[in-house]
Amino acid sequence: MLYREAGQYKTSYQRDQAIFPIAQDRWVVWTFVAVAFLVVPFFVNDYWTNAVLLPLLIYGLAALGLNILVGYCGQISLGTGGFMAVGAYASYKLMTSFPEMNMILVVLLSGGITAAVGSLFGLPSLRIKGFYLAVATLAAQFFLVWLFNKVGWFYNYSMTGQITAPDREMFGFLLTGPSALPWVKYLFCLTILAVFALIAKNLVRGRLGRNWMAIRDMDIAAELIGVRPLLTKLSAFAVSSFYIGMAGSLLFSVYLGAVEVGEVFGINVSFLVLFMVIIGGLGSIVGSFMGAAFLVLLPIFLKNFMVDGFGMMPVTAKHVEILLMGLLIIFFLIVEPHGLARLWQITKEKLRMWPFPY
Amino acid sequence: MSAFVDPARMAGHSGMEKGEVLLRVDNVSLAFGGVKAITNISFDIVKGEVRAIIGPNGAGKTSMLNVINGFYHPQEGTITWRGKVRRKMKPYEAASNGIARTFQNVALFKGMTTLDNIMTGRGLKMKSNFIWQCLHWGPALKEEIEHRRKVEEIIDFLEIQAIRKTPVGRLPYGLQKRVELARALAMEPELLLLDEPMAGMNLEEKEDMSRFILDVNQQFGTTIALIEHDMGVVMDLSDRVVVLDYGRKIADGPPDEVQASQDVIDAYLGVPHEH
Ligand SMILES: Nc1ncnc2c1ncn2[C@@H]1O[C@H](COP(=O)(O)OP(=O)(O)OP(=O)(O)O)[C@@H](O)[C@H]1O
Ligand SMILES: [Mg+2]
C-alpha cells in the first residue's frame, strides 16, 4: 500500500489534531496494538517475557516518563534510578501493609508517591538549570539509594536488607511471586504501558504539554505569555516521576520479585534510561519506546551474535557493547538530537514522496 | 474578522473607554548595579492609541517595556494600570492582566510549530483541568477546538496559513516576527508592547507589518506601545511619541511636534551633553 495522505481531507479541527492524522499510520498502530494484546500472549514463555518483553515494557514506561521531563520540559534529571526505587519501595510497603490491595491500585499509588517525591526534588529547578540541576538530581539519586539501604522500616527490617514481592493475584491469576505466569505479567505491564502512553500523548498535545515545551524552548517568553514557571516545571517533575515510579513498582513487583536497592536502582539505571531517551528521540513518545527497545535488544543481539555466533569471550562482548553504546550516544547527540524517532520520520517523509522525490 | 473583534467578550479587559489613561508610569527609575537604564521617567498610554517609544541605541526603551510587563522592577516610581497603582508584579501576572509583548530578538518556541506557538498564547484562557487533559476529551477537547478556531482566525488575519504546521525554527526571520505577533495577539491583550517589530525587515515586509499593526489597533481596539527606529514608520503609525535618550525622557507629544524638537534632533545627531 502506498504511504501518503492524498485524498485524506481533514474536515474538522478535531480530525486534524488527531494523534495519527494519516490513515496508514493508524492502521499500522492498530495492528501493532492488536498483535501485542491478542496474539503475543499466546506465545510468550519464560525466556521471552523475562529477557525481552518485560524489560522492554518497563523501561519503555520509565523512558517515557523521563522524556516528559527532559524532552518536553527541557529539565535534566539523573535521578531516575532513585525515583524508580521510590516506586519499588512504595509498592513493597503497600503490598505488605495492605495485603488485600489490588495490584493496579498498588502501582498507581506507588506512582503517586514517587510523583510527590519527584516534585520535591524538582523544586530547585526554579532557580538552577542545566548542569547544576543535573548535579542536584544526582544528589537525589544517591540520597534515595542511601535512604532505602539505611532505614530498616523501608525493607521491614528483613535480615538481607532486600525486599521481596509477596504473591498477588489479578483476576484470579497469579501476577507476582516466583510462580507467577508469564502471560499475566506481560499483559499487566502492557496494559499499564498502553494506557499511560495514551495519556502522555494526550498531555503533550494539550495545554500542559505546550506549556512544558514553551518553558523548554524559551522560558522568558513563556513567562511573559502567562506560563507560570514553577508550576509548569513542577508538573513536569510530578508527571515524569509518576511514570518512573510506576516503572520502578513494576520492575520490583512483577519483573524481578526481589530487589537489592543499590544493585537494581543505582546510577547506572539513571544513565541507561537517559540514553534510551536520547537515542530514541528527545520530545517523542514513540521515540521513548524505540530507545528502550534499542537498548534492551542491543545486548541480547550482540550476545547472540558475537558470543554464540563468533565464539567471542562474553567479557569482550560486553566491552564492545559499552563502546558501541558510547559511540551511538555521541552520534545522536551531535548528528541527530531527535534520535531514532526523527530518523523514522525522515524515512516516512521520503516514503511519502516516493517514487517522485520532487 | 468581526466575530473576533468584540472587545467586551475579551477576558481580562477593563471595558475602559477610548481616551482614558490605561497605563501611567510616574517617576520611574531603574538601575542595574551602577548602570542607570532609566532615570525618573513619567508618561502615560491612553486606551486605543498607538504610542511610540523612540530613542537612540541604549536609551532605555526595552528596559521600559520590561518594567511595564513586570520583568524588571524599578527601584523608584509607580506604575498605574487601569487607574490602580500596581504592586510589584510577576510577568505572568502582567500577562493575565492583559499585557502582551513581542521581543526585539525573536523569542519564539523554536521546537514547536507555528500553530502550537500561537495556541500557547491562548493558554491563559484555557480552563479544563488536568484529568480532562489526560483524557483529551470532554471539556478539554471542546476547549482545544474552540481555541483552535480563534487561532485560525488570527492565522488568516496575519496571512500565515501556509506555515501553520512548520516548526518555527525553520522559518525566515520576517515570518518569525509575524508568528510572534500572532502569538501575542492570541492573548487578546488590552495593551500590546511591540519591541522593534520591523527590525531587519525589507521594505515590503515592513509595509505588511505596518498594515497589520494598524489593523490590530483599529479593528480590535488594542492599545499599542511600539518601539521603532524607522522614523517614517513611527510618523505613519503613532498617535503620540515619547523620546528617550540616555535613560531620560527628552520629548513627548504628537509625531510632527516631536520630530521638530531641537533636543530630539540633537539626540539623534549625537550632540554630546552633560549628565
Ligand atoms: N539586564 C541588564 N543588565 C545590565 N544592564 C542592562 C540590562 N538591560 C539593559 N541594560 C543597560 O541599560 C541601558 C538601556 O538598555 P535598553 O536595552 O533598554 O536600550 P534600548 O533603548 O532598548 O536600546 P536598543 O535600541 O539598542 O534596543 C543600556 O545601557 C544597557 O546596557
Ligand atoms: Mg531595545
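This report describes the surroundings of ligand 1 and the aromatic side chains in a predicted model.

## The shell around ligand 1

Ligand 1 is surrounded by 13 residues, and those that come nearest are Gly58(B), Lys61(B), Thr62(B), Ser63(B) and Gln104(B). Sorted by class, this shell is made up of 7 polar, 4 nonpolar and 2 charged residues. Helix α1 of chain B, which covers residues 61–68, supplies 3 residues of the shell, and this is the largest share.

## Polar contacts and burial of the ligand

Oxygen atoms of ligand 1 take part in contacts with both backbone and side-chain atoms of chain B. On the backbone side, a polar atom of Gly60(B) lies 2.9 Å from an oxygen atom of the ligand, while a backbone N or O atom of Ala59(B) is found 3.2 Å from an oxygen atom of the ligand. In the side chain of Ser63(B), an N or O atom is 2.6 Å from an oxygen atom of ligand 1. Taken alone, ligand 1 would expose 630 Å², of which the protein buries 65%.

## Aromatic pairs

Over all chains, the structure holds 19 aromatic pairs. In one of them, the ring centres of Phe83(A) and Phe121(A) are 6.2 Å apart and the ring planes meet at 55°, so this pair is classed as tilted. Because Phe83(A) belongs to helix α4 (residues 80–97) of chain A and Phe121(A) to helix α5 (residues 103–122) of chain A, the pair ties together parts that are 38 residues apart in sequence. Phe83(A) has a relative accessibility of 2% and therefore counts as buried, the cut-off for this being under 20%.

A second arrangement appears in the pair formed by Phe148(A) and Phe154(A), whose ring centres lie 4.9 Å apart and whose planes stand at 85°, so that the pair is edge-to-face. Both Phe148(A) and Phe154(A) are buried. Ring pairs also join Phe83(A) and Phe121(A) with Phe143(A) and Trp146(A), and these residues are thereby linked into a cluster.

## Charges over rings

Aromatic rings also have charged side chains placed over them, with an example in each of chains A and B. In chain A, Lys93(A) lies over the face of Trp153(A), at 3.9 Å from the centre of the ring. In chain B, it is the charged end of Arg101(B) that sits over the ring of Phe103(B), at 4.8 Å from the ring centre.

Notes. Residues numbered from 1 in each chain as written. Chains lettered and ligands numbered in written order. Predicted model: local features only at pLDDT ≥ 70, side-chain atom pairs only at ≥ 80, totals over all residues. Heavy atoms only, no water. Near = heavy atom within 4 Å. Polar contact = N/O pair within 3.5 Å; in protein donor to acceptor, adjacent residues only side chain to side chain. Areas by Shrake-Rupley, 256 points an atom, 1.4 Å probe, with all protein chains shown as cover. Helix = DSSP H or I, 4+ residues; strand = E, 2+ residues; numbered from the N terminus. Nonpolar A, V, L, I, M, F, W, Y, C, P; charged D, E, K, R; others polar. Phe/Tyr/Trp six-rings, centres within 6.5 Å; stacked < 30°, edge-to-face > 60°. Buried < 20%, exposed > 50% of the residue type's maximum accessible area, 1.4 Å probe, protein only. Lys NZ or Arg CZ within 6 Å of the ring centre and 35° of its normal.
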